[in-house]
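Trainee: I am new to this structure and should be grateful for a close look at one part of it. Please begin with a single residue and then work outwards to its surroundings.

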Amino acid sequence: MAIAGPVEEIDRHAHTRPRSAKLHFFESAVGHFALDVESGTIHPLPAAHANVLDATLRLGDPNRAELAALAFGIATPAAMQTGAPASVPVKAISLAVAQTCNLGCTYCYAQQGTFGGAAGSMPPDVARAAIDRLVGEAASGESLTLAFMGGEPLVNRKTLHASTRYAAAAAAARGIRIGFAMTTNATLLNDEDIALFKEYGFILTISLDGLQATHDNLRPYRSGKGSFEQVARNVKALLAAEERRYRVLARVTVTPKNLDLPEIMVGLLDMGFDAIMFSPMLSAPTGEDEMDTADLDQLLAQLIRCGDNFRDTLRQGRILPFSNIITTLQRIHYQQRDQYPCGAGGGYMGVSAKGGLYACHRFVNDEDGLMGDVFTGVDQVRQSNWLDSRHLQKQSPCGTCWARYLCSGSCHYESIKRGRPACDYIRGWLNYCLVLYTELLRTNPESLRRIMTIH
Ligand code: SF4
Ligand code: SF4
C-alpha cells in the first residue's frame, strides 16, 4: 500500500520573487539573461554563469551573487538616489463633469459617480476656472491634456461640450497644444458627441467588462437591465464614422467574474477597437468584486494566454492592439525608470464637480488626495508632502524589488486603500514580457521595431 506523503505546495511565483534588489535572472527560448535593475540593461548570460548565479541566490546570498555577476562582467550601478521634487506643474486635469451615473456597476470606485457624497454636476464656471488655471499656468508651445470623467461625463453633455470648446480656444490663443480625452460607459453617445470628438481629436476610453452576458452582469443600468446592447450599438457608430480623427480604446476592469480574458479580447478586437487594456479591480469602496490572491493568479494565467495570442499573431506580421503588452515592451525597451507610477498629484490632477483639486480622478472627494481647489490653486504644502511620501524610494517593499522601475510602486490609490496584494501578478507579467522581449529582439526585430513606434 502506498503511503501518502505530505503534499508540497508549489510556489508558482518562486522564479519571479525578488532574490536580489539589483539583478533579476530569467530564461527565454533564446538563452539566459540578467536584468540590471538600476540601469534597465538586459545582459545575455552563458548557461554556466546563469547556473552559478542561480545556485548562489538559492543560498539566499544576494551580495555574493552580485559579486559573482561582477566577475562575469555585469557591473551593477549604485541605487539611483533621486529626491522627490517639491512641486510639479499641472499639465493634465480630469473634470468630474458629472458626479452621477446612469449605470449601477457593483465595484464602481466612484460609487456611481457620487464618490460617497451627493450626486451633482459640474457648473460651467467651475469648469472654466479649472481650464483657466490649467492653460494660464502653461507656457506657449507646451502640451496639455483635458480629460472628462465621472460618474458618466455624458450625463452633463452641456458642460462637456462647452468646456472642450472653451479650452481649445483658450489654448490656441496662447499658442498651447491641448489634447482631449474621455472615459465613458458609451451608453449615452449621440451624433453631436461624435462630431465633437472628430473636431477635437479625442481619445475615448470605453469601459467594457466583457461580451454580452458578462458585461450585462457587471455593468447593468440602475434598473438592473443590461447595458451591452446599447454600448455595442454606440461603439459601432463611433468606429464607423467617416474620417474619424479620434481613437477608441476598450478598458476592461477585471473582477473575479470576468476572468475569461482571451475570449473577451477576441470579442473586443472583432468589435474593432483601436486598443484593448485589462486592469484588475483591486480596491472597490464596497469591497465587492475585488480580486484576491487566487483571482490574481488566474488573471496572470489568462493575461499570459492573451500574450501568447499576441506572440502568435506577430509571427504572421500582425500586431494586436493589446495595450498591456505593448506598453510593457516599450518600457523595457526604453529602459524607463520612473519614480512614480503615474502623474497623480504631480503633473495630473482630478477636479471634483465643486472645484476641489485631488491627486487624480479616483481620489475625488477623498481627503487622502486633496490638493487644493481650482479657485485658489494647488496647495503647495499638500503637493510637496504627497510627492515626498509617494516617491518610489519611500514605498515598501519596493526598494528590494527587482521590478521597481518598471512598476514604479503601483497605483497610489490602490496601495493607499488596499496595500500591495498584486505584486506577484505584477512581477509575473513583467517577467513574461521580459522573456518575450528577448525572444523578439533575437528572432523578430522588425516587429519589435514596429511595436516601439505605436502610440
Ligand atoms: S508594488 Fe511593484 S515595485 Fe513595489 S514590491 Fe510590488 S511589484 Fe515590486
Ligand atoms: S493613482 Fe492610480 S488611478 Fe490615479 S492616476 Fe495613478 S494609477 Fe491611475
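Which residues does cysteine 360 touch, not counting residues up to four places away in sequence?

Mentor: The model is a predicted one, in which local features need pLDDT of at least 70 and side-chain atom pairs count only at pLDDT 80 or more, while totals for chains, interfaces and linings use all residues. Residues are numbered from 1 along each chain as its sequence is written, and chains are lettered from A and ligands numbered from 1 in the order in which they are written.

Leaving aside residues up to four places away in sequence, cysteine 360 touches Ala344, Tyr348, Met349, Gly350, Gly369 and Tyr413; such a contact requires C-beta atoms, placed from the backbone, within 7 Å of each other. Cysteine 360 itself is located in the loop between β12 (356-358) and β13 (370-373). Helices and strands here are DSSP runs, H or I of at least four residues for helices and E of at least two for strands, numbered from the N terminus. With 24 other C-beta atoms within 10 Å, cysteine 360 is buried (20 or more such atoms make a residue buried, 12 or fewer exposed, and numbers in between partly exposed). Its C-alpha atom is separated by 14 Å from that of methionine 182, although the two residues are 178 apart along the chain.

Cysteine 360 also belongs to the shell around ligand 2, together with Pro341, Cys342, Ala344, Arg362, Cys411, His412 and Tyr413; a residue is near a molecule when its C-beta atom, placed from the backbone, lies within 6 Å of it. Ala344 and Tyr413 thus appear both among the contacts of cysteine 360 and in this shell. By class, the shell around ligand 2 holds six nonpolar residues, one polar and one charged. In this scheme Ala, Val, Leu, Ile, Met, Phe, Trp, Tyr, Cys and Pro are nonpolar, Asp, Glu, Lys and Arg charged, and the others, Gly among them, polar.

The other ligand may be described in a similar way. Around ligand 1 there are 13 residues, and Cys398, Cys401, Cys407, Ser410 and Cys423 come nearest. Two or more residues of this shell come from each of α12 (404-407) and α14 (423-443), and α14 gives the most, with three. Seven residues of the shell around ligand 1 are nonpolar, three polar and three charged.

Some backbone details also deserve attention. Most residues other than glycine have a negative phi, and most peptide bonds are trans. Serine 408, in the loop between α12 and α13 (412-418), has a positive phi of about 60 degrees although it is not a glycine. Serine 408 is buried, with 20 other C-beta atoms within 10 Å. Glutamine 335 likewise has a positive phi, near 50 degrees, and is found in the loop between α10 (323-333) and β11 (348-351). Because 13 C-beta neighbours lie inside 10 Å, glutamine 335 counts as partly exposed.

A cis peptide bond, with omega about 10 degrees, joins serine 396 and proline 397. Proline 397 lies in the loop between α11 (380-389) and α12. The bond from glycine 150 to glycine 151 is cis too, with omega near 15 degrees, and glycine 151 is in the loop between β6 (143-150) and α4 (157-173).

How values were computed. Contact = placed C-beta atoms within 7 Å.
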